[in-house]
Amino acid sequence: MKKDSSDKKNTFRAKNNKSTDNTQKKSSKLKSKIKSWLIKLTLYFLAISIGLVVLYKFVPVPITSTMISRKMEAIAEGKDSEIYYDWVSYENMSKEAPLAVVAAEDQLYPDHFGFDFEAMGNAFDRNRKGKKLRGASTLSQQVAKNVFLWQSRSYIRKALEAYFTVLIELIWGKERILEVYLNVAEMGYMTFGVEEASKRFFGTSAQNINRQQAARIAAVLPSPIKWSAAKPGPYVNRRTSQIARQMRALGGVAYIKDLRSF
């Protein structure tokens with residue numbers, strides 16, 4: 001007795017539907033696993049990042065990616081790879097130092113919440129017109145980058161920089177951000193922080209530097225490898241004078257006296 005051809009077709013359809021169902025189930029399981037991994041990774045990232053920010057509110061930052069990078073470069077070039085870095089508390093540094101970097105880098109620092117949107121817009125317009133690239137990072141953004149991220153530019157890094165900027169503004173407060181900046185900023189070849197810069201360039205401690213010395217350190221911050229606070233050229237001398245005038249115009253150290261501490 002011959003089997004009906006329709007039975008064969010139905011059997012084929014059933015097998016095909018079963019295969020399709022299995023494929024869909026596998027695809028659904030894979031999507032669920034990926035979703036679960038992404039959620040776990042996000043939660044781990046949030047926990048670790050917030051934990052680090054809370055930790056560094058109270059303890060000195062031990063090392064940064066820039067320090068590691070400079071050390072590796074020195075080793076590769078066969079140069080002295082010693083990192084000069086000595087943490088000093090905000091209370092034990094001359095207030096001319098924080099005033100100098102605020103005057104030079106971010107005069108709206110006491111008032112903004114991590115971002116200077118007007119400066120960012122101006123920088124975007126300038127860069128869009130093909131003029132010399134110029135950033136608009138606040139001191140808070142620079143600290144977020146220096147402590148938690150890397151130096152090369154990318155959209156991912158900028159997004160993470162914004163995230164960490166919000167965190168440190170919320171958890172650290174203005175005074176702590178400024179304290180960390182003055183300790184981890186590169187201020188000369190293999191030299192990080194105002195304490196080592198003061199010792200190496202002026203033979204004194206960060207507690208005793210005067211306005212002119214603080215202004216000179218701030219003058220080289222955009223490019224501390226290219227310019228030298230120890231042996232200033234015409235540009236650094238000119239920039240130092242400009243910063244010192246701005247420090248006076250802001251009203252001296254009173255300008256940073258009541259920084260938000262939370």
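I began with burial in this predicted model, and I noted that Tyr56 and Phe148 are both buried.

I then turned to the ring pairs, of which I count nine aromatic ones by the centre-distance rule. For Tyr56 and Phe148 I find ring centres 6.1 Å apart and planes at 35°, an angle that lies between the limits of 30 and 60 degrees, so I entered the pair as tilted. I also looked up where the two residues sit: Tyr56 belongs to helix α1 (residues 5-58) and Phe148 to helix α5 (residues 139-148), so that the pair, 92 residues apart, links distant parts of the chain.

Next I took Phe201 and Phe202, whose ring centres are 6.5 Å apart and whose planes stand at 85°, so this pair goes down as edge-to-face. Both Phe201 and Phe202 are buried.

Following the ring pairs further, I found that they join Phe45, Tyr56, Phe148, Tyr163, Phe164 and Trp172 into a cluster.

I looked as well for charges over rings, and recorded Lys174 over the face of Tyr109, at 4.3 Å from the ring centre, and Arg200 over the face of Tyr84, at 3.7 Å from the ring centre.

Lys174 came up again when I checked Asp106, which is placed in the loop between α3 (96-105) and α4 (117-128). Asp106 is buried yet without a salt bridge, and Lys174, the nearest side chain of opposite charge, is 6.0 Å away, whereas a salt bridge would need a nitrogen–oxygen distance within 4 Å. With neighbours within four places in sequence set aside, I list Val101, His112, Thr138 and Leu139 as the contacts of Asp106.

How values were computed:
Residues are numbered from 1 along each chain as its sequence is written. This is a predicted model: local features need pLDDT of at least 70, side-chain atom pairs count only at pLDDT 80 or more; totals for chains, interfaces and linings use all residues. Side-chain values use heavy atoms; hydrogens and water are left out. Rings of Phe, Tyr and Trp (its six-membered ring) pair if their centres lie within 6.5 Å; planes under 30 degrees apart count as stacked, over 60 as edge-to-face and the rest as tilted. Helices (H or I, at least four residues) and strands (E, at least two) are DSSP runs, numbered from the N terminus. Buried means under 20% relative accessible area, exposed over 50%, partly exposed in between (1.4 Å probe, protein chains only). A charge sits over a ring if NZ of Lys or CZ of Arg is within 6 Å of the ring centre and within 35 degrees of the ring normal. Lys and Arg count as positive and Asp and Glu as negative; His and the chain ends are not counted. Contact means heavy atoms within 4.5 Å.
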